[in-house]
Amino acid sequence: MFNERLGYDPAVPESIESYAIQLQDKTFMDVIVEKGGVASNAIEAYANKFRKGGLGNLLEEVYFGYKANSNQEADFPEAGVELKATPYEVTQKGELRAGERLVLTMINYDGPIEIDFYKSHAWEKMRLILLIYYWRNKQLNSNLLYKIGFVKLFTPPESDIEIIKKDYAFIVGTIQAGRAHELSEGDTMYLGACTKGATAEKSTVPQYYGDRVPARKRAFCFKNSYMTYVLNHYIAGKHDENSILKDAACLKEKTFAEILEEIVSKFIGMSDKELCERFGREYNNNKAQWNDLACKILGIRDERADEFEKANIKVKTIRIEENNTMRESMSFPPFRFMDLVGEEYDDSFLHDYFEETQFFFFVWKKDGDGGFVIWNFKKCNKKPCYNTCCCCNWN
């Protein structure tokens with residue numbers, strides 16, 4: 001029933017969304033001023049940049065009129081809607097990028113973990129989310145001046161849910177095996193197990209399973225890369241499909257890794273010259289040629305495939321000489337030396353990069369005068385690797 005005091009019906013998702021859409025183009029200070037009656041000490045607390053979730057609490061308490069809490073049930077229990085306020089940033093090129101991963105719910109190390117995805121707290125928190133994206137403009141001197149840019153109810157589409165279910169099963173299986181201390185965000189595609197706590201030392205607790213080996217506290221989350229894709233394609237309406245998976249139904253029978261292997265295995269042993277002829281591409285022997293051929297094999301426009309973008313998978317094309325030496329080193333994001341001073345590796349940018357990133361290695365080997373061929377090599381002992389390529393994360 002519509003609540004005059006609140007301004008919406010808390011049992012109807014569409015009513016909640018309609019009320020929330022009125023937030024678009026407003027700053028958090030606008031919300032405080034329009035609602036009125038907010039104590040100065042409360043405003044100061046909401047504005048504290050060191051308070052995690054302060055802006056979300058502001059919307060819950062000031063705009064939607066309910067007390068912020070840490071209950072496992074959805075924020076609007078009658079409607080089954082979870083409220084998530086999350087930042088985005090605008091790059092120098094004008095592109096939208098999620099400001100952080102979206103934490104859904106803590107992973108319980110105190111007792112058994114739910115095996116059934118659809119009975120889990122993670123599903124309860126993601127099945128219907130009211131996403132409120134605000135622009136974290138770092139040039140402003142107060143986060144209360146950040147402007148709300150996008151508001152929309154969101155449920156992951158079927159193709160994403162199939163991958164999320166497999167991510168959930170992997171995380172749960174690792175925890176049940178007493179190996180929670182080995183988890184990494186790079187293990188999975190869209191649904192991650194992110195660390196919680198200021199430092200590795202402070203957030204380490206015994207596991208419930210196995211030999212109770214200490215492990216870092218973690219939470220189920222949507223990865224930063226997935227939230228960036230959601231923002232651009234599902235919320236802001238960007239339409240430039242570049243998907244490897246043409247039919248989501250195939251995910252019910254196979255993993256994404258198995259599908260990749262199946263696609264690329266058909267081309268093992270073929271040379272770059274043969275492939276250029278097959279795909280109608282000029283053989284010019286420049287560096288971009290092997291990246292371009294890898295994309296054509298996968299049936300995508302460029303290496304920024306939808307699935308790679310969502311999962312933060314970086315494509316690396318590697319050329320190996322006949323004597324098994326590599327032509328080039330592999331580059332990673334640039335850094336400033338002074339940023340490394342005083343950092344512990346477990347809490348460093350470099351650790352986070354390897355924690356959150358997977359690498360898709362597309363390997364070519366020199367074959368005399370016949371050019372480079374797609375190499376079939378043994379699987380490595382890291383994360384999922386395939387006969388045709390290698391997809392790893394290092395942690």
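A residue counts as buried here when its relative accessible area is under 20%, and as partly exposed when the value lies between that and 50%. Keep that cut-off in mind as we walk through this predicted model.

Let's start with helix α6, which spans residues 158–176. Its 19 residues reach 27 Å from the first C-alpha to the last, close to the 27 Å expected at 1.5 Å a residue. Within this helix, the side chains of K165 and E162 meet in a salt bridge, with 3.6 Å from N to O. The two residues are 3 apart, about one turn of the helix. An α-helix has 3.6 residues a turn, so residues three or four places apart point the same way. The two partners differ in their surroundings: E162 has 7% relative accessibility and therefore counts as buried, while K165, at 26%, is partly exposed.

E162 has company, as the buried residues of α6 also include I161, I164, Y168, I171 and I175. The buried residues of this helix pack against α5, β6, β9, α7 and α11. Just after α6 comes G178, which takes a positive phi of about 75 degrees.

Two of those packing partners, α5 and α7, lead us on to the sheet. Here 4 strands are arranged in the order β2-β1-β4-β5, forming an open sheet with mixed pairing. Strands β2 (96–98) and β5 (147–154) stand at the edges with a single partner strand each, so one side of each has no neighbour in the sheet. From one strand to the next, the twist averages 30 degrees. Strand β1, residues 82–90, pairs with β2 in the antiparallel sense over 3 bridges, and Y88 stands opposite A98 in β2. Helix α7 (residues 224–235) packs on this sheet and touches β1, β2, β4 and β5; its direction makes about 140 degrees with that of β2.

Helix α5 connects to the sheet through charge. The side chains of K125 and E82 meet in a salt bridge of 3.4 Å, N to O. Because K125 lies in α5 and E82 in β1, the pair ties together parts that are 43 residues apart in sequence. Both ends are buried: K125 has 5% relative accessibility, and E82 has a relative accessible area of 3%. E82 also forms a salt bridge with K84, where the closest N and O atoms are 3.7 Å apart, and K84 is buried too. Across the whole structure there are 23 salt bridges.

Aromatic rings make contacts of their own, and a search of the whole structure finds 32 aromatic pairs. One of them joins Y8 and F76 edge-to-face, with 6.0 Å centre to centre and 80 degrees between the planes. Y8 lies in the segment before α1 and F76 in the loop between α4 and β1, so this pair ties together parts that are 68 residues apart in sequence. Y8 is buried at a relative accessible area of 2%, and F76 is buried at 3%. These two rings belong to one aromatic cluster that also takes in Y19, Y63, F64 and Y66.

Another edge-to-face pair is formed by Y229 and Y234, 5.5 Å centre to centre with 80 degrees between the planes. Y229 is buried, with a relative accessible area of 9%, whereas Y234, at 21%, counts as partly exposed.

Note on methods: Residues numbered from 1 in each chain as written. Predicted model: local features only at pLDDT ≥ 70, side-chain atom pairs only at ≥ 80, totals over all residues. Heavy atoms only, no water. Pairing = 2+ DSSP bridges. Axes fitted to C-alpha atoms, helices over the stretch in contact; angles between N-to-C directions. Contact = heavy atoms within 4.5 Å. Salt bridge = Lys/Arg side-chain N within 4 Å of Asp/Glu carboxyl O. Buried < 20%, exposed > 50% of the residue type's maximum accessible area, 1.4 Å probe, protein only. Expected span 1.5 Å × (residues − 1). Phe/Tyr/Trp six-rings, centres within 6.5 Å; stacked < 30°, edge-to-face > 60°.
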